[in-house]
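Thank you for asking me to look over this entry with you. Please keep the sequence and the structure open beside these comments while you read.

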Amino acid sequence: METINLKQLSDERAALQVKGDLDAMRGIMNDEFRYVDSSGRQFDKETFLDQFVDPASVQWIAQDTVTFDETVAGEIALVQLLLEEHFILGTNAYEGRFWVLHVYVKQEDTWLWQGGQATMINEI
């Protein structure tokens, strides 16, 4: 029986993103990748890498997982996260909590990040 550790996969994805490792990130992403950020902007694989991974565009200070929940159904895995993020995009600093849904798909024997969606959490 196959065992997948989605928490480890999710943590690896976050570490590569914060590190700005474009090649390694590209390797864990599906070519059909799609992402919608908390402002409703849509990204494919290359535009996501340009905006949210490339150190020339974004400087990550932290991306911390607060909560983690997973559901695996065959060759699809859904990961729900509450993330605390702190980063600099251009000349603007951003800090906040985001509810994030990530989708992973299994191709052959490899799980790839298919995409997801983020929503900013307004806490009172």
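Which residue in S4 does threonine 67 stand opposite?

1. The residue facing threonine 67 is leucine 82, which belongs to S4. S3 and S4 run antiparallel and are joined by 14 bridges, and the hairpin that they form has two residues between its strands. In that same hairpin, glycine 74 takes a positive phi near 65°. For background, the strands of a sheet pair through backbone hydrogen bonds, and they may do so in either a parallel or an antiparallel manner.

2. Before going further, please bear in mind that this is a predicted model, so that every remark here concerns a prediction. The mean pLDDT of the protein chain is 93, and 95% of its residues reach 70 or more. Confidence is lowest in H1, where the mean is 94, and it is highest in S2, where the value is 98.

3. The hairpin is part of a wider arrangement, an open sheet of six strands in the order S2-S1-S6-S5-S4-S3, whose pairing is mixed. At its edges lie strand S2 (42-44) and strand S3 (58-73), each of which pairs on one side only. Direction ignored, neighbouring strands of this sheet are turned by 20° against each other on average.

4. At the S2 edge, the partner strand is S1 (residues 29-36), and these two pair in the antiparallel sense over three bridges. Within this part of the sheet, valine 36 stands opposite glutamine 42, a residue of S2.

5. Two helices that pack on the sheet deserve a careful look. Helix H1 (residues 6-19) touches S3, strand S4 (76-89), strand S5 (92-107) and strand S6 (110-121), and its direction makes about 160° with that of S3. Helix H3 (residues 45-52) packs on the sheet as well, touching S1, S2, S3, S4 and S6, while its direction makes about 110° with that of S2.

6. Which residues of H3 are buried? They include Lys45, Phe48, Leu49 and Phe52. Because these residues cover an arc of only 100° around the axis, they lie on the same side of H3. Among the elements that cover the buried residues of H3 are H1, helix H2 (22-28), S1, S2, S3 and S6. At the start of H3, a side-chain oxygen of aspartate 44 reaches to within 3.3 Å of the backbone nitrogen of glutamate 46.

7. Alanine 24 is found in helix H2, and it counts as partly exposed because its relative accessibility is 26%. Alanine 24 and arginine 13 are eleven residues apart in sequence, and their C-alpha atoms are 9.0 Å apart in space.

8. Is glutamate 108, in the end, buried or exposed? Its relative accessibility is 76%, and therefore glutamate 108 counts as exposed. This residue has its place in the loop between S5 and S6, and although glutamate 108 is not a glycine, it has a positive phi of about 60°. From C-alpha to C-alpha, glutamate 108 and serine 39 are 34 Å apart in space, with 69 residues separating them in sequence.

Terms used. Residues are numbered from 1 along each chain as its sequence is written. This is a predicted model: local features need pLDDT of at least 70, side-chain atom pairs count only at pLDDT 80 or more; totals for chains, interfaces and linings use all residues. Side-chain values use heavy atoms; hydrogens and water are left out. Two strands pair if DSSP finds at least two bridges between them. Helices (H or I, at least four residues) and strands (E, at least two) are DSSP runs, numbered from the N terminus. Axes are lines fitted to C-alpha atoms, for helices over the stretch in contact, and angles run from 0 to 180 degrees between N-to-C directions. Contact means heavy atoms within 4.5 Å. pLDDT is the predictor's confidence in each residue, from 0 to 100. Buried means under 20% relative accessible area, exposed over 50%, partly exposed in between (1.4 Å probe, protein chains only). The arc is that of the directions from the helix axis to the C-beta atoms. A polar contact is a pair of N or O atoms within 3.5 Å; within protein, one must be able to donate a hydrogen and the other to accept it, and residues adjacent in sequence count only if both atoms are side-chain atoms.
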